Amino acid sequence: MCGIVGYIGKRDSQDILIEGLKKLEYRGYDSAGIAVFTANGLEISKSKGRLAVLEDKLRDEPLAGSVGIGHTRWATHGKPSDVNSHPHTDNSAKFSVVHNGIVENYLDLKDELTAKGHVFVSETDTEVISHLVADEYDGNIVEAVQRAVKRMRGAFALGVLTEFEPEKLVAVRFASPLVIGIGEGENFIGSDIPAILEHTRNVYILNDGEMAVLTRDGVELMTTEGEFISKEIYHVDWDLVTAEKAGFDHFMLKEIYEQPKAYRDTMLGRIADDGKSVDLKELTMDADYIKSIRKVHIVACGTAYHAGMVGKTVIESLARIPVETDVASEYRYRSPIITPDTLVIVVSQSGETADTLAALREAKRNGARVLAITNVVGSSVAREADDVLVTWAGPEIAVASTKAYTSQLIAFYLFGLHLAGVLGTKAEAEVAALISAMHELPEQVEAILEQSAVLKQVAESISSHKNLFFIGRGVDYAVAQEGSLKLKEISYIHSEAYAAGELKHGTLALIEDNIPVIALVTQEELYEKTLSNIKEVKARGAHVLGIANAGSEVEVSKSVDELFAIPKTLPLLSPALSVVPLQLISYYASLALGHDVDKPRNLAKSVTVE
Ligand code: F6R
């Protein structure tokens, strides 16, 4: 995910910026750059690749000056490249901007500015901001930024410099984090605390719609409407390692808590303002092609495959197109029937998984069109697919996937609704109801996270067991698979996920006294059936934790030993909520057993071998 650092003071800024960016490396990035006021004016140095590449460049051509901004870019709009890297500038090269987030209406703004004579060199949304600020400038950078921000939609954090007012560094926060570091005779900005922690522990944490104007001697805080505000100074008493995890004990926990943001970001700009339709403008497949699709194959590995299992139900129920799901390592060896009217969807957080990439190539060889759902814009999967639907989860650092999985679910909901819109397979009211329920998901996840203490207790009691079962029907079964994988991979407790009705066809004998069973019961139409399956395991001594919708507690609690209620949503959307307690149970079970949560044994974040 992108990182921002900025400095205004008396020291040379280049090293401060580079060192600050290094502290943000853990967030992942694909290019980096800095802009500094030098004796020659505002100068920029940037390059694709690791910070070391930029450092080499700066060693040959240093940028000397005591005011600057820096950025590590995680590609969103446009591939990783020198020209797409930040900082960006306008045609006069008098303004420079670093940006985290997404400007949703950048294409409209770009058209408008192009008509006025602005010439763009990159594919990014950020470049539009530097041109927009330049266009709005009439002698006051603060007002120009305020006017520019008013015209932008989306989520963003900005650092802005102009050669016309070299004594000022302007910072803005709009739904993308930004902190201001307060020093003596120097001040800083950072997208995260680690970027500035070496220099100061006193920070202002900006809220949405707030901005700061930094000079060497002070910081003025105001809203983007221009109203001055005051804020308490927050004293950071974390060490660097804790700061990287934003105060969480592990990246996995941080990423679980980042899910509401990941949901919002993945939906951003993809839903019409009236909330009645989904429009995935980034897809090149047109309506004629969509109408020609006869079947869909979803291919992925591990957690991404489990997202695909939910995706199958989503596409079949919203678009009425038959879907097959395959584990990527099996796909090409089973001679799948791939025809030109097959849409193959590959799902991969990293976009580098060897089996998934091989499946993609097999699909293309057979003339199918490929859509990639991935979290990494410039990845191999993204480059080779015909279409890409990016999940805006931000880099996932913990090996166990959490926010990437749930963002993949959101991507499937969006794609299913997009197909339904083109094919007319769902009534307008039903589509609007789904979209409205999707908007509620982030807050509903927050409500689940608030109950983490209960799940910690559940996890601690589970951690003394050697075996465990997850059961569910329909999409609950798909979530059960993911819950079981998550528990196994980080706690090393053996578990099995079963379609609730299938236990009695073989493995019921393994249900012994006191064995924990986690039963997902979120699908109203299937309640009665699942409750009977719960009775089967209870009769053999199982201790059952039910995960059910709020409102059904009374009914479900009669059949289970413990109940965890998740907020009520539409049945198709429930996986985006019901998986969250399972992630937390796995996390706390691993913790209780003293394992390395973020780096479980024998598992790599990106599996680039077959
Ligand atoms: C589990 C996990 C793995 C990955 C799988 C695919 O938490 O992370 O099962 O989901 O290796 O990886 P990607 O999505 O990068 O293709």
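This is a short chat about how some labels were reached for a predicted model.

Visitor: Let's start with S45. Why is S45 called buried?

Guide: Buried means under 20% relative accessible area. S45 has a relative accessible area of 7%, so S45 counts as buried.

Visitor: Where does S45 lie, and which residues is S45 in contact with?

Guide: S45 lies in strand β3, residues 41-48. Leaving aside neighbours within four places in sequence, S45 is in contact with G33, I34, L54, K57, L58 and L63.

Visitor: On to the helices. What makes α4 and α5 oblique to each other?

Guide: Their axes cross at roughly 125 degrees and come within 8 Å. Angles of 65 to 115 degrees count as roughly perpendicular and those over 145 as roughly antiparallel. The α4 and α5 pair fits neither class, and is therefore oblique. As for handedness, α4 (residues 126-136) passes α5 (residues 141-151) in a right-handed crossing.

Visitor: Which residues make that contact, and how do they divide by class?

Guide: From α4 you get L132, V133 and E136, and from α5 you get I141, A144, V145, R147, A148 and R151. They divide into six nonpolar, no polar and three charged residues.

Visitor: What makes α16 oblique to α20?

Guide: Helix α16 (residues 452-462) and helix α20 (residues 575-592) have axes that cross at roughly 55 degrees and come within 8 Å. Under 35 degrees would count as roughly parallel, and 65 to 115 as roughly perpendicular. An angle of roughly 55 degrees falls in neither range, so α16 is oblique to α20. The crossing of α16 and α20 is right-handed.

Visitor: Which residues meet there, and what classes are they?

Guide: S452, L455, K456, V458, A459, E460 and I462 in α16 meet P581, L584, I585, Y588, A589 and A592 in α20. By class, that contact has ten nonpolar, one polar and two charged residues.

Visitor: Now the inside. How many residues has the largest nonpolar core, and which have the most contacts inside it?

Guide: The largest nonpolar core has 114 residues, and I315, I345, Y413 and F415 have the most contacts inside it. Helix α14, residues 403-423, supplies the largest share of this core, eleven residues. There's also a second, separate core of 28 residues, with V97, L109, L132 and V145 among them.

Visitor: What does Y413 touch?

Guide: Not counting residues up to four places away in sequence, Y413 touches V310, V314, L318, M438, L572, L573, S574, P575 and A576.

Key:
Residues numbered from 1 in each chain as written. Predicted model: local features only at pLDDT ≥ 70, side-chain atom pairs only at ≥ 80, totals over all residues. Heavy atoms only, no water. Core = buried A, V, L, I, M, F, W, Y, C linked by side-chain atoms within 4.5 Å. Buried < 20%, exposed > 50% of the residue type's maximum accessible area, 1.4 Å probe, protein only. Helix = DSSP H or I, 4+ residues; strand = E, 2+ residues; numbered from the N terminus. Contact = heavy atoms within 4.5 Å. Axes fitted to C-alpha atoms, helices over the stretch in contact; angles between N-to-C directions. Left-handed = near helix turned anticlockwise from the far one by under 90°. Nonpolar A, V, L, I, M, F, W, Y, C, P; charged D, E, K, R; others polar.
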